[in-house]
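Reader: Hello! I am new to this one and would love a close look at a single part of it, together with whatever surrounds that part. Could you walk me through it slowly?

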Amino acid sequence: METKDLILGKAKYEDWKAMYRNVWSRPETAEYMKWKVTPDEDAARERIKRTITWQESRDSWLVYEKSSGQAVGFAGVKEVRPHIYEETGIALGPEYVGKGYGKQILKRLLEYCASLGGEEFYYSAYAKNLPSKALALSCGFVYWHSEQKTDERNGNLYVLETYKKTLKPSEDGECDAG
């Protein structure tokens, strides 16, 4: 799948180094995600093997920047009920945030789910993750509900906010500029 600046594609073993450098070793990227920072290159090599296996049976992709060809993030969706989809995580390395890439990814995911017959899409964000919440709102999502959760990595409590959007059969995935 492609956007103006990105390609969403299945992971390859050689992506381990770019993913480690750009995403997996970055605490600021992991902060609002459900995974821990990968501590070293050996762990990154093992992680890419698990990622490849994971992606074989799921709608999950690495995000590649077209201009550099580098893996700079990941994204995924799943069908939670018939015709109802949710994102399973959208992450970009810190150097790739603020370039409009998140909007391109979310727009493409919306188009993809609509093409599969999706009627509704859910997007979740930590209440403290202001850029992620702003992304959802800029793409036409509306707040649905909040839920207090426990971070399995450290036992800390957090609030997860869920937003929803109705998909149309010809969903264009439009997001407002900004």
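Author: Let us take the sheet as our part, and then look at the helices and loops around it.

This is a predicted model, in which local features need pLDDT of at least 70 and side-chain atom pairs count only at pLDDT 80 or more, while totals for chains, interfaces and linings use all residues. Residues are numbered from 1 along each chain as its sequence is written, and side-chain values use heavy atoms, with hydrogens and water left out.

First, some orientation. The chain holds five helices and seven strands (DSSP runs numbered from the N terminus: H or I of at least four residues for helices, E of at least two for strands). Following the sequence from start to end, you meet them in the pattern β-α-α-α-β-β-β-α-β-α-β-β. The C-alpha trace spans about 45 × 35 × 30 Å along its principal axes.

Now to the sheet itself. Its seven strands are arranged in the order 1-2-3-4-5-7-6, the sheet is open, and the pairing is mixed (two strands pair if DSSP finds at least two bridges between them). Notice that strand 7 comes between strand 5 and strand 6 in that order. At the edges stand strand 1 (6-9) and strand 6 (142-150). Each of these two has a single partner strand, so one side of each is left without a neighbour in the sheet. From one strand to the next, the twist averages 25° (axes are lines fitted to C-alpha atoms, for helices over the stretch in contact, and angles run from 0 to 180 degrees between N-to-C directions).

One pairing deserves a closer look. Strand 5 (residues 120-126) and strand 7 (residues 157-166) run antiparallel and are joined by seven bridges. To find one of these on your screen, pick Tyr 123: its bridge partner in strand 7 is Tyr 163.

Next, the helices that lie across the sheet. Helix 4 (residues 101-115) crosses strand 1, strand 2 (59-65), strand 3, strand 4, strand 5 and strand 7, and it runs at about 155° to strand 4. Helix 5 (residues 130-138) lies across strand 5 and strand 7, at about 160° to strand 5. So which residues of helix 5 are buried? They are Ser 132, Lys 133, Leu 135, Ala 136 and Ser 138 (buried means under 20% relative accessible area, exposed over 50%, and partly exposed in between, with a 1.4 Å probe and protein chains only). These buried residues pack against helix 4 as well as strand 5 and strand 7 (contact means heavy atoms within 4.5 Å). Just after helix 5, Gly 140 takes a positive phi of about 85°.

Back among the strands, let us visit a loop. Strand 3 (71-81) and strand 4 (84-92) are joined by a loop that contains His 83. Most residues other than glycine have a negative phi. His 83, though not a glycine, has a positive phi of about 70°. With a relative accessible area of 35%, His 83 is partly exposed.

For contrast, try Pro 39, in the loop between helix 2 (27-30) and helix 3 (41-56). Pro 39 counts as exposed, at 64% relative accessibility. Pro 39 and His 83 are 44 residues apart in sequence, and their C-alpha atoms are 38 Å apart in space.

Helix 3 also shows some charged pairs. In this helix, Arg 45 forms a salt bridge with Glu 41 (3.9 Å, N to O) and another with Asp 42 (2.8 Å, N to O) (a salt bridge is a side-chain nitrogen of Lys or Arg within 4 Å of a carboxyl oxygen of Asp or Glu). Why can such pairs meet on a helix? An α-helix has 3.6 residues a turn, so residues three or four places apart point the same way. Arg 45 and Glu 41 are four residues apart in helix 3, and Arg 45 and Asp 42 are three apart, about one helical turn. Arg 45 is partly exposed at 25%, as is Glu 41 at 35%, while Asp 42 is exposed at 56%.

Salt bridges appear elsewhere too: Arg 26, Glu 28 and Glu 95 are linked in a network of them, and the whole structure has 13.

Finally, step back to the whole chain. Of its 178 residues, 47% are buried. Among contacts with a separation of 6 or more, 63% come from residues 24 or more positions apart.
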